[in-house]
Amino acid sequence: MAVSSTTSAAARRRSIAVGSFIEDFHNRVDILSFDDETNSIKPVPSLSFEHPYPPTKLMFHPAPTSAANLLASSGDYLRLWDLRDTSIEPICTLNNSKTSEYCAPLTSFDWNEVEPRRIGTSSIDTTCTIWDIEKGAVETQLIAHDKEVYDIAWGEAGVFASVSADGSVRIFDLRDKEHSTIIYESPQPDTPLLRLAWNKQDLRYMATILMDSNKVVILDIRSPTMPVAELDRHQASVNAISWAPQSCRHICSAGDDAQALLWELPTVAGPNGIDPMSMYSAGAEINQLQWSSAQPDWIAIAFSKKLQMLKV
């Protein structure tokens, strides 16, 4: 089976979910078992399943219990799966399009850690949709941007941000759905912003990346429009970013230069910019990374047909 790239990696305890990226209807999601004592990764065949179209993102429930261990995936729709010891069963497919058999593909989603019943999705139809997964119903849907929305990230229980092909980062508060706050716009008009990561250890900060850019842009929501730092040591386009789950000053980035760079943000940036504190060279362009909140000493990177675990 030809896999051009592995698009999704999410870590929960010692499980990793990886999704294929094949430009076809038939794709797969595999659950891998990771042993941090022997540093080995093993597939769990009974937990491998077919997925319609490539999953654009995978996430485990942020607070799994012994009674319920859920996995969410996005693609044509938002899907929930029940991960059991020896099997994985579909729970529901959440579709907000009531008038058409066609759907606008979902580019990403984020699971609310404070209110785990909430999942927010972003779509190419310019909207963000907030789902109440306990009710299986839409809580609200917002026209978030002027163009396709590429990523979404929760900050607080009722506050989320999104990035778009219109080149803006916007913050939304569910208590005031009629308004949003633009905190950053691409320096070149209409340069798409592809990914967004909100620092869960310090909600004042978030990071975004621009299309075909080697920079990671660090934003302080208290100072809109002007980045507080730009991390520009990649030699090619950046594809993925992830804040450290246990530290407010560390972030990892990965890109087409096959490099994963680990950064420590200084209190004040010097005149010559910021250098990474460490780097790792992979065998090909890195298209995804995930920093495990359950095992903060490990970062998963995906490139070509491979997944590797990096010890921080």
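Let's start inside strand 27, where Trp298, Ala300 and Ala302 point one way while Ile299, Ile301 and Phe303 point the other, and all are buried. "Buried" means under 20% relative accessible area, with exposed over 50% and partly exposed in between (1.4 Å probe, protein chains only). Strands here are DSSP runs of E with at least two residues, helices are runs of H or I with at least four, and both are numbered from the N terminus. In a regular strand, side chains alternate between the two faces of the sheet.

Keep in mind that this is a predicted model, where local features need pLDDT of at least 70 and side-chain atom pairs count only at pLDDT 80 or more, while totals for chains, interfaces and linings use all residues. Residues are numbered from 1 along each chain as its sequence is written, and side-chain values use heavy atoms, leaving out hydrogens and water.

Strand 27 (residues 298–303) has 6 of its 6 residues buried, so the rest of the structure largely encloses it. Here are its partners; two strands pair if DSSP finds at least two bridges between them.

| Partner of strand 27 | Bridges | Direction | Opposite residues |
|---|---|---|---|
| Strand 26 (residues 286–291) | 5 bridges | antiparallel | Ile286 and Phe303 |
| Strand 28 (residues 306–311) | 6 bridges | antiparallel | Phe303 and Lys306 |

Both pairs are hairpins: strands 26 and 27 have 6 residues between them, and strands 27 and 28 have 2, with Ser304 in that turn showing a positive phi of about 50°.

Zooming out, the protein chain has 0 helices and 28 strands. Buried residues make up 52% of its 312 residues, and its C-alpha atoms fill a box of roughly 55 × 50 × 35 Å along the principal axes.
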